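Thanks for coming. I will talk for a few minutes about how two chains sit against each other.

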Protein chains: 2
Amino acid sequence: MVSNELDVLRGEIEKVNMQILDLLNQRGSIVQQIGKVKETQGVKRFDPVRERQLLDLIAENNEGPFETSTLQHIFKTIFKASLELQKDDNRKSLLV
Amino acid sequence: MVSNELDVLRGEIEKVNMQILDLLNQRGSIVQQIGKVKETQGVKRFDPVRERQLLDLIAENNEGPFETSTLQHIFKTIFKASLELQKDDNRKSLLV
């Protein structure tokens, strides 16, 4: 019975993972569009003030169980990956 | 006009961030339940085979634009935070 309960919970984790995966890639597409707009404006991609705003929004909207600092660490990993995605796009556009 | 476009895209990022935040905490709650089940079973919390399965599922379902390796890195950060959450719960239950 307990192992069945574990299976059900694991199924739920897989479902949530797929939703997070989908949202991360949706976010990636938006970030790519932002990168293109910034390129035409000649604006720097990395914006520490904006990053701080986004981290503050996490703090304000966190209902747990994760600690805010833990969630902000996860989001910083996402921000870093997003910046790399913009850089890759820029590199590719310079090559063609 | 361009700055307006940037504002719209930034609004979309904030919306997606809040959805990711919500899913991460939903995932945290499920992970806490898994921790409790494992505790009653005396099963180890960290399961590298299961983690591998979850990472493979990311690879199979990734439609981009993020590289699979990037997404797996983000998910490993989430897995690590989840394990810490279970440990904290266990520590608390030992203290009462």
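I will start with the conventions, then the symmetry, then the interface.

This is a predicted model, where local features need pLDDT of at least 70 and side-chain atom pairs count only at pLDDT 80 or more, while totals for chains, interfaces and linings use all residues. Residues are numbered from 1 along each chain as its sequence is written, chains are lettered from A in the order in which they are written, and side-chain values use heavy atoms, without hydrogens or water.

Symmetry. Chain A superposes on chain B by a rotation of 180 degrees with 0.0 Å of shift along the axis, at an RMSD of 0.0 Å; the fit is by least squares on C-alpha atoms of residues with pLDDT of at least 70 in both copies. The two copies are therefore related as by a two-fold rotation axis. In chain A, I20(A) has the C-alpha nearest that axis, at 3.1 Å.

Now the interface. Chain A gives 53 residues to the contact and chain B gives 53, where contact means heavy atoms within 4.5 Å. Between them the chains bury about 5,000 Å², 75% of it on carbon and sulfur atoms; that is accessible area (1.4 Å probe) lost on being put together, summed over both parts.

How many salt bridges does the rule find across the interface? There are four, each a side-chain nitrogen of Lys or Arg within 4 Å of a carboxyl oxygen of Asp or Glu. D47(B) and R10(A) form a salt bridge through their side chains, at 3.3 Å from N to O.

How values were computed: Buried area = accessible area lost by both parts, 1.4 Å probe.
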